[in-house]
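Student: I am new to this structure. Please take me through the reasons behind the labels.

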Amino acid sequence: MAFRGPRVPKVWLWRWRRNPLKRRADAVESWIVLGAWLITVLVGVLAGLTATRSVEHELAQECVDWKPVVALVTQDAPGPAPANSQGTSGEPFWAKVRWTAVDGSSHTGQIRVPSGSGIGTPVTVWTDPQGHLVTKPASAAQAQLRAVLIGTLLGVGAAAVPFISARALRIRLERRRMDQWDEEWARFGPLWGRKTG
């Protein structure tokens, strides 16, 4: 059986208690730790919420602005003809399509169509207000998940800045404190070897 030392109760707020051995550097470090945690949490939460709201707003705007348009395939897609009239069977291939935007202008582009789609096959594409091809807008659940993930990542990234800065400052203070202890030990250490009395 392994030896365990006496159980010492955990002391809350030990950094702020009075102690005759406590130095000024210890007090400064305690306030740095408190401030760093507060700033880290505050910056992380604010950056995360701001990013989440921004992404949600942008994705909601895409749902409003992006519209489905019927386009016609302008080149044959390789492979066998689709099994049904919807053109949903077979592996998709890239093919050129043409569509007319809301303003009446004609546009062309490349999209993935079912294998065997012939010239003139209608396909649905999504366009922005200028008539350019875009992806299908995210559903409400997809938009919420995307917004939460991006907000979380940006919040953690933003919180890392004050956290790492405080860590670097604490390391510097620790080195300085160790140097001071070395100086004091060099001054008082030899006195301990003398006999008194």
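Tutor: Start with what gets a label. A helix is a DSSP run of H or I with at least four residues, and a strand is a run of E with at least two. In the protein chain, 2 helices and 5 strands result. Keep in mind that this is a predicted model.

Student: What pattern does the protein chain follow along the sequence?

Tutor: The pattern is α-β-β-β-β-β-α.

Student: What makes β5 a strand?

Tutor: A strand needs a run of at least two residues. β5 covers 133-134, so the run meets that minimum.

Student: How do you know that β4 and β5 pair?

Tutor: Pairing takes at least two bridges found by DSSP. There are 2 bridges between β4, residues 122-127, and β5. The cut-off is therefore met. The two strands run antiparallel. W126 stands opposite V134, and T127 stands opposite L133.

Student: What lies between β4 and β5 in their hairpin?

Tutor: There are 5 residues between the strands. One of the hairpin's residues, G131, has a positive phi near 90°.

Student: How do you know that β1 pairs with β2?

Tutor: Apply the same test: at least two bridges. β1 and β2 (residues 92-100) have 2 bridges, in the antiparallel sense. They therefore count as paired. V73 stands opposite V97 in β2.

Student: How many bridges does β1 share with β4?

Tutor: Strand β1, residues 67-73, pairs with β4 over 6 bridges, again in the antiparallel sense. L72 has P122 as its bridge partner in β4. P68 stands opposite W126.

Student: And what joins β2 to β3?

Tutor: 9 bridges join them, and the pairing is antiparallel. V97 has G109 as its bridge partner in β3. These two strands also form a hairpin, with 5 residues between them. In its turn, G104 has a positive phi of about 95°.

Student: In what order do the strands stand in the sheet?

Tutor: The order is β3-β2-β1-β4-β5, in an open sheet with antiparallel pairing. β3 (106-114) and β5 have a single partner strand each, so they stand at the edges and one side of each lacks a neighbour in the sheet.

Student: Which residues of β4 are on the covered face, and which on the uncovered one?

Tutor: V123, V125 and T127 make up the covered face. P122, T124 and W126 make up the uncovered one.

Student: Why is T127 called buried?

Tutor: Buried means under 20% relative accessible area. T127, in strand β4, has 4%. That value is under the cut-off, so T127 is buried.

Student: What does T127 touch?

Tutor: Leave out residues up to four places away in sequence. T127 then touches D65, W66, K67, V69, W99, H132 and V134.

Student: Why is I150 called partly exposed?

Tutor: Partly exposed runs between the 20% and 50% limits. I150 sits in helix α2, with a relative accessible area of 31%. That value lies between the limits, so the label fits.

Student: Why does S165 get that label?

Tutor: S165 is found in helix α2. The relative accessible area of S165 is 45%. The exposed label needs over 50%, so S165 is called partly exposed.

Student: Why are α1 and α2 called roughly antiparallel?

Tutor: Angles over 145 degrees count as roughly antiparallel. The axes of α1 (residues 24-65) and α2 (residues 140-192) cross at roughly 165°. α1 and α2 are therefore roughly antiparallel to each other. The axes come within 7 Å, and the crossing is right-handed.

Student: Which residue pairs give C-alpha distances here?

Tutor: I150 and T52 are one pair, with C-alpha atoms separated by 6.6 Å and 98 residues apart along the chain. For S165 and A36, 129 residues apart along the chain, the separation is 8.4 Å.

Student: What share of the contacts comes from residues 24 or more positions apart?

Tutor: Count contacts in the protein chain with a separation of 6 or more, and the share is 65%.

Student: What can be said of burial and surface in the whole protein chain?

Tutor: Of its 197 residues, 25% count as buried. The accessible surface comes to about 15,000 Å². Carbon and sulfur atoms hold 62% of that surface.

Terms used
Residues numbered from 1 in each chain as written. Predicted model: local features only at pLDDT ≥ 70, side-chain atom pairs only at ≥ 80, totals over all residues. Heavy atoms only, no water. Buried < 20%, exposed > 50% of the residue type's maximum accessible area, 1.4 Å probe, protein only. Contact = heavy atoms within 4.5 Å. Areas by Shrake-Rupley, 256 points an atom, 1.4 Å probe, with all protein chains shown as cover. Axes fitted to C-alpha atoms, helices over the stretch in contact; angles between N-to-C directions. Parallel < 35°, antiparallel > 145°, perpendicular 65-115°, else oblique. Left-handed = near helix turned anticlockwise from the far one by under 90°.
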